[in-house]
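User: I have a protein model to go through for class. Could you take me through the structure step by step?

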Amino acid sequence: MGLRAELMKKFEELPFAGTYPCPKTENDKQVTGNWKVQRPVLEADKCTQCWQCWIFCADSIITRTENGPEFFYKYCKGCGVCANECPTGAITMVPELEFED
């Protein structure tokens, strides 16, 4: 097992105070992503998987994967905290009007 895989396994085992997992099931009463004006977009080649975005996301819409963070836009409010906390600039906030979904 490589170092990155070992670290991912340890991350998954750690509880993190004050967070809860990204929603895995739909809950129409908690959808908040319909009114955001911008969304986070990841440039994967810049991402070092430091997980600062995941730690600081107030809505827990970021899921840790082996390929880096994934965003669950249905519940994202577009606050930009993840982009602000990203030390490598891998996350940028893009106006929602640039997307069709």
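User: How much area does the protein expose, and what share of it do carbon and sulfur atoms supply?

Analyst: The protein exposes about 6900 Å², and carbon and sulfur atoms supply 54% of that. Accessible areas come from the Shrake-Rupley method with a 1.4 Å probe, and for residues only the protein chains shown count as cover. Please note that this is a predicted model, in which local features need pLDDT of at least 70 and side-chain atom pairs count only at pLDDT 80 or more, while totals for chains, interfaces and linings use all residues. Residues are numbered from 1 along each chain as its sequence is written, and side-chain values use heavy atoms, with hydrogens and water left out.

User: What share of the residues is buried?

Analyst: Of the 101 residues in the protein, 32% are buried. Buried means under 20% relative accessible area, exposed means over 50%, and partly exposed lies in between (1.4 Å probe, protein chains only).

User: Next topic: how many helices and strands are there, and what pattern do they follow?

Analyst: The protein has 3 helices and 4 strands, and their pattern along the sequence is α-β-α-β-β-α-β. Both are DSSP runs numbered from the N terminus: helices are H or I with at least four residues, and strands are E with at least two.

User: How many salt bridges does the structure hold?

Analyst: It holds 3 salt bridges. The term denotes a side-chain nitrogen of Lys or Arg within 4 Å of a carboxyl oxygen of Asp or Glu.

User: Which residue does R39 pair with?

Analyst: R39 forms a salt bridge with E96, and their closest N and O atoms are 2.7 Å apart. This pair links distant parts of the chain, since R39 is in strand β1 (residues 38-42) and E96 is in the segment after β4 (91-95), 57 residues apart.

User: Is that pair buried or exposed?

Analyst: R39 counts as buried because its relative accessibility is 5%. E96 also counts as buried, at 18% relative accessibility.

User: And what does K77 bind to, and where are the two residues?

Analyst: K77 forms a salt bridge with D59, with the closest N and O atoms 2.8 Å apart. K77 lies in the loop between β3 (68-71) and α3 (81-85), and D59 in the loop between α2 (52-56) and β2 (62-65), so the pair ties together parts that are 18 residues apart in sequence. K77 is partly exposed, at 29% relative accessible area.

User: Which residue does K46 meet?

Analyst: The side chain of K46 meets that of E43 in a salt bridge of 3.7 Å, N to O. K46 is partly exposed at 36%, and E43 is partly exposed at 31%.
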